[in-house]
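Me: I have a model open and would like to go through it with you piece by piece. Could you keep to what can be read from the coordinates?

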Amino acid sequence: MHRITTAPVAPIPDRTRWAVAAGVGAALAAAWWLGDTAPYPYAQRGVLDVPLPFLTAGRIDAVLQPRPGERMLEIGPGTGLQSLHVAPQLGPEGRLDVLDIQQEMLDHVMCRAELDGLATIRPTRSDARELPYADGTFDAVYAVTALGEIPEPDRVLREAARVLAPGGRLVIGEFFDRHWIPFGRLHRLADAAGLHLTERRGPSPAYLARFRPCRADAPGHRSERLARGDRDTDAGQA
């Protein structure tokens, strides 16, 4: 009878194990980065309901400042995480329009709104680069982690400025991913679109920024600047 013997297996050095782990991590990160398509696929919608650091509901409220009776537009509502939070604050006399290029997202938002008994949300399927609204329609326009997913964000900002009522406000929220727009770039695009910065919160990888149309005759334009001591600045706020 032959005896089967096995040679001892040499332990894998720690350096090798770390190298393998790092390689696997890099591969997973690359797969996530390269697979992050725009617009965000409806099949992966569950991720959109996860609150993001620095883009919490409280911070959005503080920058957007929704008020009863206002009409607002949300660009790229996703599954409605912000929509269902903002709409009730506009009251029964207010209205929230939600615009998305994907009908599945809009249907999802409206299904959730019906379950919550919200009758003041109006969906529109359209391209944000050509908003189907008249000039000066909205008291506020906002887009949270959506602007970077739209080609030609400069056109989106110009359209947002066009549909804002005098003294209206635009709020943009961005979070670091493949389609993230750094704050410096956003600020330059907003300047070119005729929008001036009035507030920013959070670091560049996860920030909220509020802009207003640069019109000298816009109600509240001068009073806001005086109240802030003309503090329009690139500096982030906690």
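Me: What is the pLDDT like over residues 217–238, and how many contacts beyond four places in sequence does the model have there?
Reply: In this predicted model, pLDDT, which is the predictor's confidence in each residue on a scale from 0 to 100, stays under 50 over residues 217–238. The model has 36 contacts beyond four places in sequence for that stretch, a contact being heavy atoms within 4.5 Å. Where pLDDT is low, the predicted coordinates should not be read in detail.

Me: And what about residues 16–35?
Reply: Over residues 16–35 pLDDT also stays under 50, and the model has seven contacts beyond four places in sequence for them. For the protein as a whole the average pLDDT is 80, with 68% of the residues scoring at least 70.

Me: Which residues were allowed into the rest of this, and how is the numbering done?
Reply: Because the model is predicted, local features need pLDDT of at least 70 and side-chain atom pairs count only at pLDDT 80 or more, while totals for chains, interfaces and linings use all residues. Residues are numbered from 1 along each chain as its sequence is written, and side-chain values use heavy atoms, with hydrogens and water left out.

Me: Now the sheet: what is the strand order?
Reply: Seven strands make an open sheet with mixed pairing, in the order β3-β2-β1-β4-β5-β7-β6. Strands here are DSSP runs of E with at least two residues, helices are runs of H or I with at least four, and both are numbered from the N terminus; two strands pair if DSSP finds at least two bridges between them.

Me: Which strands are at the edges, and why is one side of each left without a neighbour?
Reply: The edge strands are β3 (121–125) and β6 (195–201), and since each has a single partner strand, one side of each is left without a neighbour in the sheet. From one strand to the next the twist averages 20 degrees.

Me: In which sense do β1 and β2 pair?
Reply: Strand β1 and strand β2 (residues 95–100) are parallel, with five bridges between them, and L73 has D97 in β2 as its bridge partner.

Me: Which strands does α2 lie across?
Reply: Helix α2 (residues 57–64) lies across β1, β4 (138–144), β5 (164–175), β6 and β7 (206–213), and runs at about 15 degrees to β7. Helix α5 (residues 153–163) also packs on the sheet, where it touches β1, β4, β5 and β6, and its direction makes about 145 degrees with that of β5. Axes are lines fitted to C-alpha atoms, for helices over the stretch in contact, and the angles run from 0 to 180 degrees between N-to-C directions.

Me: Different topic: is Q82 buried or exposed?
Reply: Q82 counts as buried because its relative accessibility is 12%; buried means under 20% relative accessible area, exposed over 50%, and partly exposed in between, with a 1.4 Å probe and protein chains only. Q82 sits in the loop between β1 (71–75) and α3 (83–86), and, apart from neighbours within four places in sequence, Q82 is in contact with I60, E74, Y142 and V144.

Me: How many salt bridges are there?
Reply: The count is 13 salt bridges, where a salt bridge needs a side-chain nitrogen of Lys or Arg within 4 Å of a carboxyl oxygen of Asp or Glu. D127, R129, E130, E152 and R155 are linked in a network of them.

Me: What does E199 pair with?
Reply: E199 forms a salt bridge with R201 at 2.7 Å, N to O, and another with R210, where the closest N and O atoms are 3.1 Å apart. The pair with R210 links distant parts of the chain, as E199 is in strand β6 and R210 in strand β7, eleven residues apart. Both E199 and R210 are buried, whereas R201 is partly exposed at 24% relative accessibility.

Me: Where do R158 and D154 lie?
Reply: Both are in helix α5, four residues apart, which is about one turn of the helix. R158 and D154 form a salt bridge with their closest N and O atoms 3.5 Å apart.

Me: Last one, how many disulfides?
Reply: The count is zero disulfides, taking a disulfide as a pair of cysteine sulfur atoms within 2.5 Å. C111 is partly exposed, at a relative accessible area of 44%.
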